[in-house]
Amino acid sequence: MSSYGITRADKIIIVLGPTGTGKSTFIDYAIGGNGEGIGHSLISRTQEITVHKTVMGTPPQSFAFVDTPGFDDTTKPDYDVLTKIAEFLAKIQNDKLHLGKLLYLHRITDNRMDSAQLKNLELFAGMCDARTMSRVVLVTTMWKLMDPLRGRLAEKELKGDFWKKLIQQGCSVERFDDSSESVARIITGFSRTTHISGVDQEGKIDGIAISDQVTDPGQLQPSPSLPPSTAVLKRAKTTRMHAKDRVILLLGYTGTGRSTFINAIGRGDNAVVNSPFSVQPCTKEISAFRLQSRDQIKDPIVLVDTPGFGTQSDYTVLGNISNWLEVHHAIDVVSILFFCQIENNRVTSSDVSTWENFKLLCGEAAMKASVTVVTTGWDSAESSNARYIDRESELRTHFWKECNFLRLERDTCSTFSTSARAILDNSVRSAPGSRLRIQTEMIHEKKPLEQTTLGQQHSQNRSTQRKLQKQVKDLVRSVRNGLILAFFRIGRLSL
């Protein structure tokens, strides 16, 4: 028996994936639980490798499920996570234990495959070998929180693009629907057909096929038009900004609803921003939208949308914004709205890094006077759940305590019009915003971007990252070799 309590009669199932994807929940269902005992804090909880044993299948087979710290952990770097995995593989190799399957979990609710997701997937792919792909399973989770049609569209895009190479090498894709039956199907390969959020594995709803031509869920769930507005929002050329423009900057992680906000401010019957459902990032350049009022507002309001964090490096995104502000040095930035999804169940290390870089752009005074965090996703199936309220409270208390908070949520007409306009009104009526630190440094102090506080911190971070890259690369290679040896026993797969 190994130090983890695993015997040679046990088939080992290693569960990997980014933090917050449901690894502990999956294992809880595997051992007969219902997922209710799993912690839901925004801070990653699994810090060490733990083993949970159970029996399933016909004939009965003993399994040892291995829970691992997530990639992009809130506090633990990927280097530490990979080290623990490599050490575990070395132990089971020495004990001649059976490695059955390797699972990689992914939230189907993730709106975008951002840079952090791609980095995590790249790490995982580097750990896998073509000879062992038949024992690798990509598992999508959290289907109960996802509209079934949107989920199918996201799954199709993942299979056809981001996971295509892994699938071609023999990797399989399964859905976990928060049930012990779906765990058994994924692990043993047989179980009763599982109904997931109304959509089966063949992409049918209650036996009716969904057309592969569907690309916009809005066609399937039409919303009533917005109530008449006294203002019209129109795209404006960013090269034609005026000194009297009151600019509201829209920033945030990719896929957090900035386009939804812009469309809600504009006329609901004609979308200002066309953003068809896709896990690919949509906003790729800075865009301006001028609010034209019938009341002839003296100082026009201009919404400036920016590429989301996660589409490129934080420094690239913030650098482009900094350069844009330098060019339009005469404009008045009255407010900054920072968008994030309340549905995200973890604050990752990438999130923390982005927020710290954002604070360097703004400076302490502007963070308090000008920045409002707008939480989105309150229209989901669990919007009334107290868990979302708890997440918002935790964000206010532990992570983003410098700022005000507002919610973008649906009104009685199932539109975002009311809350979007309330957010806009709050941004315009609040006290005049404070000049951003990056504006002071680049415009008044005439510093180039690389010599600003943001630029200098980026230089330090890049130096540290370069030192870690080789170590991570060596660890990935070590894990890859360990998996090959653990999967193969006397020249054949162990399961």
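In the predicted model, K84 and E48 form a salt bridge in which the closest N and O atoms lie 2.8 Å apart. This pair connects distant parts of the chain: K84 belongs to helix α2 (residues 78-94), whereas E48 is placed in the loop between α1 and β2 (50-56), and the two are 36 residues apart. K84 has a relative accessible area of 19% and is therefore classed as buried, while E48, at 45% relative accessibility, is partly exposed.

Helix α2 also contributes D78, whose side chain meets that of K119 in a salt bridge with an N to O distance of 3.0 Å. Because D78 lies in helix α2 and K119 in helix α3 (residues 115-127), the pair ties together parts that are 41 residues apart in sequence. D78 counts as buried at 11% relative accessibility; K119, with a relative accessible area of 32%, is partly exposed.

A further salt bridge joins the side chains of D305 and R258, at 2.9 Å from N to O. Here strand β12 (residues 301-305) supplies D305 and helix α7 (residues 258-265) supplies R258, the separation along the chain being 47 residues. Both D305 and R258 are buried. Elsewhere, D129, R131 and R480 are joined into one network by salt bridges that share partners. The structure holds 16 salt bridges in total.

Cysteine pairing was examined next. A search of the whole structure finds zero disulfides. For C171, the closest cysteine sulfur is that of C128, at a distance of 7.1 Å, which is too far for a bond, given that a disulfide requires two cysteine sulfur atoms within 2.5 Å. C171 is buried, with 5% relative accessibility. C362 likewise takes part in no disulfide, the nearest cysteine sulfur, that of C403, being 8.0 Å away. At 1% relative accessibility, C362 also counts as buried.

Helix packing was considered for α1 and α6. Two packed helices are described by the angle between their axes and the distance between the axes. Helix α1 (residues 23-30) packs against helix α6 (residues 180-188) at an angle of about 95 degrees, with the axes 8 Å apart. Angles of 65 to 115 degrees count as roughly perpendicular, and α1 and α6 are therefore assigned to that class. On the α1 side the contact involves F26, Y29 and A30, which meet S180, V183, I186 and I187 of α6. The residues of this contact comprise six nonpolar and one polar, with no charged residue.

Key:
Residues numbered from 1 in each chain as written. Predicted model: local features only at pLDDT ≥ 70, side-chain atom pairs only at ≥ 80, totals over all residues. Heavy atoms only, no water. Axes fitted to C-alpha atoms, helices over the stretch in contact; angles between N-to-C directions. Helix = DSSP H or I, 4+ residues; strand = E, 2+ residues; numbered from the N terminus. Parallel < 35°, antiparallel > 145°, perpendicular 65-115°, else oblique. Contact = heavy atoms within 4.5 Å. Nonpolar A, V, L, I, M, F, W, Y, C, P; charged D, E, K, R; others polar. Buried < 20%, exposed > 50% of the residue type's maximum accessible area, 1.4 Å probe, protein only. Salt bridge = Lys/Arg side-chain N within 4 Å of Asp/Glu carboxyl O.
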